[in-house]
Amino acid sequence: MTARSTPDGDVILLEDQDRRQWNRNMIGEGKELIERSLRTGRFGVYTIQAAISAVHAAAATASQTDWGQIVALYDLLLRAEPSPVIELNRAVAIAMLDGCESGLSLIDAILERGELPQYHLAHAARADLCRRLGRTREAETAYERALALAQQEPERRFLKKRLQELG
């Protein structure tokens with residue numbers, strides 16, 4: 001758990017986690033279970049979600065993540081269980097693969113359809129992509145919306161910190 005949060009319970013983003021703290025034995029066991037399930041040809045959404053996690057776990061660093069494979073798995077997951085939250089996660093993966101502008105247009109489309117208007121993570125993801133693109137005002141507005149919707153205090157502290165960083 002120390003890789004995913006600080007001693008105070010604050011969120012550590014996946015890209016900032018110290019992967020040396022990840023439990024390699026559990027990751028190996030999980031990978032074996034995923035491979036066994038995939039070989040059967042009969043698997044469901046949990047196996048696909050686990051496969052996405054396995055791709056993240058296989059990368060020694062965040063920058064070495066195989067985003068193409070993650071996007072392909074999200075495509076499969078969307079076919080198995082269409083959902084705006086899965087679509088949002090896919091949009092973030094697209095941003096990592098093809099650039100923030102590509103992911104941002106997908107997130108904007110989700111929000112414009114009226115889906116996930118009360119989901120703080122949709123606004124937080126939009127804010128992060130705007131921040132990365134240097135669109136400070138848009139990022140600020142999206143972070144404020146995410147903060148207004150967030151319920152968990154660690155997430156609220158993270159969003160407040162991001163807002164302060166925008167200065």
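## Nonpolar cores and helix 3 in a predicted model

The largest nonpolar core comprises 23 residues, and those with the most contacts inside it are Leu88, Ile107, Leu116, Leu129, Ala139, Tyr143 and Leu159. Two or more residues of this core come from each of helix 4, helix 5 (100-112), helix 6 (120-132), helix 7 (136-149) and helix 8 (153-166). Helix 6 gives the most to this core, with 6 residues. The structure described here is a predicted model.

Leu116 illustrates the surroundings of one of these core residues. Not counting residues up to four places away in sequence, Leu116 touches Pro84, Val85, Leu88, Ile110, Leu111, Ala122 and His123. A second core, separate from the largest one, has 15 residues, including Ile52, Val55, Ile70 and Ile86.

Ile70 also belongs to the buried set of helix 3, which consists of Trp67, Ile70, Val71, Leu73, Tyr74 and Leu77. These residues lie on the same side of helix 3, because they cover an arc of only 160° around the axis. Among the elements that cover the buried residues of helix 3 are helix 2 (45-58) and helix 4 (84-98). The length of helix 3 can be checked as well: its 14 residues (67-80) should span 20 Å at 1.5 Å a residue, and the end C-alpha atoms are 20 Å apart, so the two values agree.

Two individual residues, one in helix 2 and one in helix 7, are set side by side below.

| Residue | Element | Relative accessible area | Class |
|---|---|---|---|
| Thr47 | helix 2 | 15% | buried |
| Ala148 | helix 7 | 59% | exposed |

Thr47 counts as buried because its relative accessible area of 15% falls under the 20% cut-off. Its contacts, not counting residues up to four places away in sequence, are with Ile34, Ser37 and Leu38. With Ser37 there is also a polar contact, formed between the side chains of Thr47 and Ser37 at 3.1 Å.

Ala148 is exposed, because its relative accessible area of 59% is over the 50% cut-off. In sequence, Ala148 and Gln69 are 79 residues apart, and their C-alpha atoms are separated by 34 Å in space.

Terms used. Residues numbered from 1 in each chain as written. Predicted model: local features only at pLDDT ≥ 70, side-chain atom pairs only at ≥ 80, totals over all residues. Heavy atoms only, no water. Helix = DSSP H or I, 4+ residues; strand = E, 2+ residues; numbered from the N terminus. Expected span 1.5 Å × (residues − 1). Buried < 20%, exposed > 50% of the residue type's maximum accessible area, 1.4 Å probe, protein only. Arc of directions from axis to C-beta. Contact = heavy atoms within 4.5 Å. Core = buried A, V, L, I, M, F, W, Y, C linked by side-chain atoms within 4.5 Å. Polar contact = N/O pair within 3.5 Å; in protein donor to acceptor, adjacent residues only side chain to side chain.
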